[in-house]
Structures are given as C-alpha cells and as structure tokens.
Amino acid sequence: MKMNIKKSLLRVAGFFCLSGSMVLASCSAEPDDSDLYTFTGETIEDFIVNNEASFSDFNYILQRAGYDRILSSYGTYTCFVPTNEAVRAYVNELYNDEDAMLPHHGMPEVADKNNVPLENLTDSLCRSIAMYHVAGIEYKTASLGVSGVVTPLSGPQINTGIAESGDVILNDKAVITNADYEVVNGIVHVINSVIPRANKLISTDLLKDGRFSIFSEALRLTGLDQQMERIKKNPSAIEAPEITPGEDGADSYWVTPEPSDVKFTIFAETDEVLRANGINTVEDLVRKAAEWYGKAATGSTRTDTEGWYDWYRNNNVTIDTDVNGDYTKENHVLNMFIRYHILAYGVAKNSLTIDYCVYDKSGWSGDSYDYYETTLPKTLLKVWYVKKEQKYYINRYVTNNTLSDGVGENVETMGSEAMHTLVYQGVWIDVDNCISSLNGYIYPINDILVYNSQVPNGVLNERMRFDTLSMLGEVMSSGFRGIYCQDMVSRSGNSTVGRIRFPVDYFDNVVVYNGNKTKLDMNLLANPGNNSYLLYKGDSFQGKGVYDFAIKLPPVPDGMYELRVAATNFGQRGSMMQFYLGESPDLNDLKPIDIPIDLRLPTSTTSGTAEENARLLSIGYCEVNDEVNYPDAYADRGVESDKVMRTHSYMRDGLSIVKESDGSNSKPVKYNARFAGYQLRRILTKENLKQRDYWLRVKSVLPKYDDKKFQLDYIEIVPQRVYDGVGAYREDLY
C-alpha cells in the first residue's frame with residue numbers, strides 16, 4: 001500500500017524550522033532565522049524542552065517517571081511526543097473511565113471532572129505513560145504502516161496502520177502529525193493523542209468490543225471470566241538471584257526485578273462467524289458443542305469418530321451435553337469449547353510464532369510453527385505461520401508433515417507435493433485486529449476452533465519441536481519472548497545486556513531442587529543486522545551452575561514417542577548432565593532415562609585435540625560439506641552418517657535453522673545448524689506417553705564446576721510413524 005506520510009519537517013542547510021505559534025508547522029521557502037536552531041547535539045529531552053509551549057505536559061510526566069534523564073543521555077530511542085492538548089484530554093479520559101479497576105485509576109476526587117489537574121496522576125501512571133511512548137530502537141515512519149508494530153519499553157506492542165489522512169496511526173487513535181525528527185539519541189514523532197494503553201481486563205474488553213457478544217456471554221456463563229482477573233503473580237518467596245562479581249559475561253545479564261505479569265490469550269469467534277455456522281445464541285452454541293465434543297471421551301480407544309480426547313477417556317470422564325446443565329463444570333461441552341480457546345499466558349502477535357533464524361531455501365518454505373497448551377486440560381493447539389501468505393493459522397493440517405520422500409540429490413527437501421495434501425487450511429487468526437488488554441490479548445478468528453479428532457490424529461501426528469521458551473508462559477506474559485538485545489538494553493539501562501536471569505521460582509513449569517546453585521537464564525534475540533545466534537527461533541532457555549531442575553513437558557496425545565533435546569556442545573555449554581523423566585516433579589517419581597551425556601565435545605572434527613576430535617567422530621559425526629575429507633558424506637548429504645549417529649543416540653540439528661554473518665563480509669553468509677558440529681540433537685528415550693503431565697529433570701554431574709551451562713534450546717517429541725518412517729517416507733532433515 002502506498003504510504004503518503006506528510007512531511008512537515010523540512011531540512012534546510014542542516015537546520016529545522018519551528019513556527020512560533022505552533023510547533024513543527026510547515027516551513028516557508030524563506031524561513032525566519034529567529035525560528036531556526038541547529039539539531040547538532042540536541043537530545044530528545046532537549047527537543048521537548050526547547051518546545052515546551054507544546055510539550056510541557058508530557059515533559060512533566062517524563063520528569064515524574066525519571067525518563068527525562070534517560071532521554072537526555074546517549075543511546076538510541078524513538079519517542080512519540082503528544083501535545084499538551086492530547087495529554088490533558090487523556091488525563092480527563094483516565095479519570096472518567098467507568099471500567100477502571102481502581103476508581104479514577106487511583107487519582108483523587110476532583111470537582112471538575114473535565115479539568116483534572118496533571119498533578120493528580122499517580123507515579124505509576126506517569127511511569128506507564130512515559131515507558132509506553134518510548135522505544136529502545138529507532139522507528140522511522142517508512143518502517144511503519146499497515147500491520148506494523150512498535151515495541152515500547154514497557155507494555156503491550158503498539159499496533160501501527162495508515163490513517164485516512166495518509167499518516168501513520170498508533171493503536172487506531174494517535175496520529176503521527178510530524179514525523180522523523182532526528183536528534184543525536186534517536187527519533188522524535190509528534191502525535192495528536194496519547195497512545196491508548198490497555199487498562200481494562202481481557203473479559204471486559206471482550207464484552208465492550210461488541211463483535212463477540214455470544215462468545216463473551218458463554219465466557220461469563222462458564223465462570224471462566226472470573227478466573228481471568230489477575231494481573232501480577234505473587235511475589236517470589238526466594239531471594240532474587242544475583243550476578244556473581246567476575247562471573248563470565250556478568251555485564252550481559254539483566255535480573256528480573258519483579259514477579260511475572262499474569263496474562264491470557266483468547267482466540268474468539270465473532271458473532272458473524274458463529275452466525276454463519278447457525279449459532280445465534282449461547283443455547284445454539286451449547287447444542288453445537290454437544291455435537292463437537294459429545295463423543296470425545298467415549299469408547300475404549302482413540303478413533304476418528306470417538307474417544308479422541310485421551311485425557312478424559314483415560315480418566316473415565318463423562319461429558320455433560322445438557323443444554324440446561326452446569327456450564328461451570330469442566331466436563332460440560334460449553335466449558336470445554338471455551339477452554340480450548342484460552343491460553344493461560346499472554347502471547348503478543350510478534351511472538352505467536354517467532355519467524356527468526358528460519359531457513360527459506362533448498363525446498364524449505366520458510367514457514368514456522370509453535371505449539372501452545374490450552375486451558376482445556378492437557379490439550380495443545382498449533383499456530384502455523386505461512387510465510388508466502390504472511391498469515392497465521394491454528395491447527396492447519398497437511399498430510400505427512402515433517403516427512404519426506406526425497407532421495408539422492410533431492411534428500412534436502414520437504415518432499416513432493418503429492419505426499420503433502422492440505423486437508424484443512426486452519427483457523428485464520430486476524431492479527432491485524434488483535435485487542436491488547438491490560439492482562440492479555442484477544443484475537444478474532446474466522447472459523448470454529450474445536451479440539452476434534454483431527455487434532456491428535458493429524459495435526460499433532462508429526463515431529464513436534466517445542467521452542468522451550470514457548471513452554472514457559474511467564475516469558476511471554478512479561479513480554480520477554482521475541483525481543484532483541486537492544487530492546488532490553490533500553491528497558492534495563494545496561495548497555496551490554498543480552499540475557500535475562502530469573503529467580504528460581506519464577507516459572508510454574510520449572511522446579512529447582514538446589515536453590516540458587518541453579519542459574520536460570522534466557523538468551524535474547526541478537527539485534528537486527530548483527531550476527532544472530534545459531535538457535536531455533538534465535539533465542540534459548542539456558543543457565544549454569546551446579547544445576548538441578550525439572551521442566552514440565554507439553555502434553556501430547558497418547559502414543560509411542562521419541563524424546564529428544566537440542567544438545568549444544570561448545571564453550572561453557574559443553575557440560576555433562578543426567579536426564580530423568582517422571583509424571584510429577586517429585587524426586588521419587590523421576591527415573592533416569594539415559595546415561596549421563598557428556599557434551600564436552602569439539603565444535604568440529606578438527607577443532608579440538610586428537611582425543612577430543614576422536615570423541616566427536618566416535619558418535620558418527622563428520623563434516624558433510626567437506627568434499628575433500630568426507631566425499632561420501634558430501635555426496636549423500638550426510639544421510640548414511642545420520643544413520644550411524646542415530647545408533648549412538650545423536651542426530652544433526654535441523655536444516656531449517658540458520659544464522660547470518662555479522663555483515664563484515666561483502667556477501668552475508670548463512671550458517672546452517674545441520675552442518676555445525678556444535679549443534680546436535682540427543683535422543684533421550686522412546687516412551688509410550690499418555691495425554692498427561694510429564695516432567696524432565698536435568699541435573700549436572702560435574703559438582704566441581706559451577707560455570708558450566710545447560711542450554712535447552714528446544715525439545716522434540718516425535719511420534720513413531722515419523723521417527724520410523726512410513727513406507728518410502730522418512731523424517732525430513734528440517
């Protein structure tokens with residue numbers, strides 16, 4: 001779409017012109033020298049102060065929050081600066097908000113509700129407004145527009161689009177009236193409204209929107225709306241972790257200063273979608289839900305027509321289909337229907353599935369996936385980003401996904417079109433109309449979302465590669481997933497931050513057995529244009545110390561599976577660990593599932609000592625791209641050596657995972673994980689899993705070394721039909 005951004009700021013001989021009566025009005029051909037000043041050395045805060053007649057109210061908020069000092073310092077920021085009129089209107093709006101969780105958002109009573117003093121703003125309101133109008137990287141208008149996003153220092157993402165005037169509009173309200181003013185520490189955009197920030201609970205926003213009246217009423221009748229009223233987890237019971245002085249990379253850590261946010265994600269059918277499916281009332285929805293879920297737990301085994309909900313079937317749960325029944329019961333069909341639409345954590349649209357470090361050559365589509373546990377007990381849904389369409393779908397089903405019939409020179413393919421049939425396009429997620437609430441996100445969807453037999457029998461009957469961070473809801477709810485190092489630099493004030501360190505009790509899905517001897521960290525995305533990390537989706541869950549912890553695995557349908565973990569074996573990540581598996585985090589339930597794994601391996605067959613190189617060669621690894629020394633592996637693209645590696649419980653990493661060079665070369669080079677000796681997969685066990693919780697314990701067996709790292713980049717749970725193959729089909733290399 002053509003972007004017609006009005007340019008009211010004109011550069012003339014290195015100067016910008018400012019009208020005395022209205023800041024940043026259009027410049028004349030021969031401007032008055034009294035209105036000119038050089039921008040050399042001017043910071044964002046200088047710009048605001050120098051134009052206080054228009055921006056003094058916003059500067060007051062910055063000062064209350066302490067962000068005037070930050071915007072006076074060196075760095076790289078984008079600041080969206082609202083006019084005084086915009087700030088005053090917003091303060092009145094906050095005061096008169098009838099749906100606020102606190103009356104008047106905590107501001108004291110005033111006589112004139114249409115003229116609320118700026119001084120009545122609370123410190124927390126000032127801080128949230130300030131941080132929501134500042135981003136830690138530069139955003140010029142050319143990079144914004146239709147379906148764009150801005151990641152502020154705090155709060156949900158800001159959605160961008162094009163207003164009728166042709167200007168960029170933020171969150172459908174704040175229009176950039178004067179754009180791209182360059183100062184020494186970033187970019188300034190003038191806006192005609194304070195950017196509206198979510199201040200209502202997700203259930204309230206769902207009701208107020210007006211498009212979801214049937215779904216919203218069903219949510220209320222099930223009582224699930226009352227379970228979605230929290231916004232912050234309880235404070236940590238264990239002292240926050242510290243960075244040890246002298247610790248390797250100590251300057252690169254940021255320690256989480258407070259408990260995680262509590263957020264939710266709702267995928268909701270609009271009234272229009274429901275009515276197109278013959279649903280005009282909640283009673284209609286109950287009757288339909290009885291058709292969709294009535295036989296989900298009947299019979300003795302899972303088929304295409306009954307018994308596909310293994311958790312309920314295995315536990316002899318009778319599903320309630322009564323139209324006049326108790327909708328608050330977990331086994332009532334309406335409750336089941338609604339629960340499958342809800343995630344108990346907030347997934348912003350930039351992290352529905354991370355499209356980063358994804359290869360899109362040699363037959364790979366460039367698509368990306370993520371799997372999420374829903375609030376319907378022990379169930380998953382899959383989000384699939386189709387790159388060529390630039391659309392997101394839930395439970396898209398393609399036959400034989402993650403299998404290939406490629407042989408010979410064509411082995412590095414996803415397989416022929418004939419073996420991959422699109423059975424179900426999936427439920428399209430309307431990310432452009434995502435509603436950002438105080439405690440979550442609401443995504444309109446264009447079809448009925450149901451946990452039907454196709455999900456366990458088809459959608460999830462593939463190699464499921466779980467990015468470990470997608471298993472940790474707190475990472476997503478607190479806005480840490482999918483952010484770059486430079487975003488966290490601005491948020492934390494640490495100029496070199498590249499990792500986050502969490503308290504050991506930060507996560508519901510992680511149990512630590514030895515207190516702060518275990519360090520829990522997260523590796524952030526490398527900055528755009530810099531050398532990315534050779535990691536699945538670009539970030540990872542990692543840590544170090546004499547670690548001993550367990551992480552809850554995603555629940556998968558009943559079946560025989562191969563359990564694998566990403567095994568990184570370079571530098572400090574070359575550790576030695578023992579894995580255990582059990583149905584609870586109780587140490588008595590966790591049984592060893594493999595011998596201790598020693599990842600103190602060289603990064604290639606020539607990079608270590610002769611003894612170290614021999615250890616890597618002993619597991620069947622060889623350099624696939626070394627035609628001189630390994631001509632056979634080069635010729636068959638490593639297929640035969642893959643078979644040898646499997647006998648030693650190892651696999652190469654996925655062909656779909658890449659990183660780019662740092663740009664120092666004239667032609668950027670892609671480094672592929674399949675061809676990296678320090679990126680492997682370890683096959684831990686083959687297990688007959690039920691649709692229930694399982695916990696994976698990871699314990700260091702090097703008690704004398706507290707600087708060794710673990711890195712759980714991803715975990716794979718792979719059905720037997722994939723790891724064994726089907727006829728001529730074999731697991732693809734991606």
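**Helix H4**

I began with helix H4 in this predicted model, which spans residues 84-95. H4 has twelve residues, and I find 17 Å between its first C-alpha and its last, close to the 16 Å expected at 1.5 Å a residue. I then asked which residues of H4 are buried. They are Asn84, Ala86, Val87, Tyr90, Val91, Asn92, Leu94 and Tyr95. For the cover over these buried residues, I noted that it includes helix H2 (52-65), strand E4 (77-82) and helix H5 (123-132).

**Nonpolar cores**

I next looked up the largest nonpolar core, which holds 135 residues, and recorded that Phe267, Tyr293, Ile429, Phe480, Phe541 and Leu696 touch the most other members. Strand E15 (residues 380-386) gives the largest share of this core, with six residues. Apart from this core I found another, of 34 residues, and Phe47, Tyr95, Ile129 and Tyr181 are among them.

Going back to Ile429, I listed its contacts, leaving aside neighbours within four places in sequence, and obtained Phe267, Leu352, Val383, Tyr392, Ile394, Tyr443, Pro444 and Ile445.

**The open sheet**

I traced an open sheet of five strands, whose order is E23-E39-E29-E36-E33 and whose pairing is antiparallel. Which strands stand at the edges of this sheet? I find strand E23 (464-467) and strand E33 (650-652) there, and each has a single partner strand, so one side of each is left without a neighbour in the sheet. On average, and with direction ignored, neighbouring strands of the sheet are turned by 30° against each other.

At the E33 edge I looked up the pairing with strand E36 (residues 679-689), and found that three bridges join the two strands, which run antiparallel. Tyr650 has Arg682 as its bridge partner in E36. Helix H17 (residues 639-647) packs on the sheet, where H17 touches strand E29 (559-568), E33 and E36, and the direction of H17 makes about 150° with that of E33.

**Aromatic pairs**

I then turned to the rings and noted 23 aromatic pairs in the structure. For Tyr385 and Tyr392 the ring centres are 4.8 Å apart and the planes stand at 40°, so I entered this pair as tilted; both residues are buried.

For Phe507 and Phe541 I found an edge-to-face pair, with 6.1 Å centre to centre and 85° between the planes. Where do these two residues lie? Phe507 is in the loop between strand E24 (499-502) and strand E25 (510-512), whereas Phe541 is in strand E27 (residues 540-545), so the pair ties together parts that are 34 residues apart in sequence. Phe507 and Phe541 are buried. Following the ring pairs, I recorded a cluster that links Trp254, Phe480, Phe502, Tyr506, Phe507, Phe541, Tyr547, Phe549 and Phe710.

**Strand E24**

Last, I examined E24 and asked which of its side chains point one way and which the other. Arg499 and Arg501 point one way, Ile500 and Phe502 the other way, and I marked all of them as buried.

With strand E11 (residues 253-255), E24 pairs in the parallel sense over three bridges, and there Trp254 has Ile500 of E24 as its bridge partner. With strand E26 (residues 518-523), E24 is joined by four bridges and the strands run antiparallel; in E26, I identified Asp521 as the bridge partner of Arg501.

Notes. Residues numbered from 1 in each chain as written. Predicted model: local features only at pLDDT ≥ 70, side-chain atom pairs only at ≥ 80, totals over all residues. Heavy atoms only, no water. Core = buried A, V, L, I, M, F, W, Y, C linked by side-chain atoms within 4.5 Å. Buried < 20%, exposed > 50% of the residue type's maximum accessible area, 1.4 Å probe, protein only. Contact = heavy atoms within 4.5 Å. Pairing = 2+ DSSP bridges. Axes fitted to C-alpha atoms, helices over the stretch in contact; angles between N-to-C directions. Expected span 1.5 Å × (residues − 1). Phe/Tyr/Trp six-rings, centres within 6.5 Å; stacked < 30°, edge-to-face > 60°.
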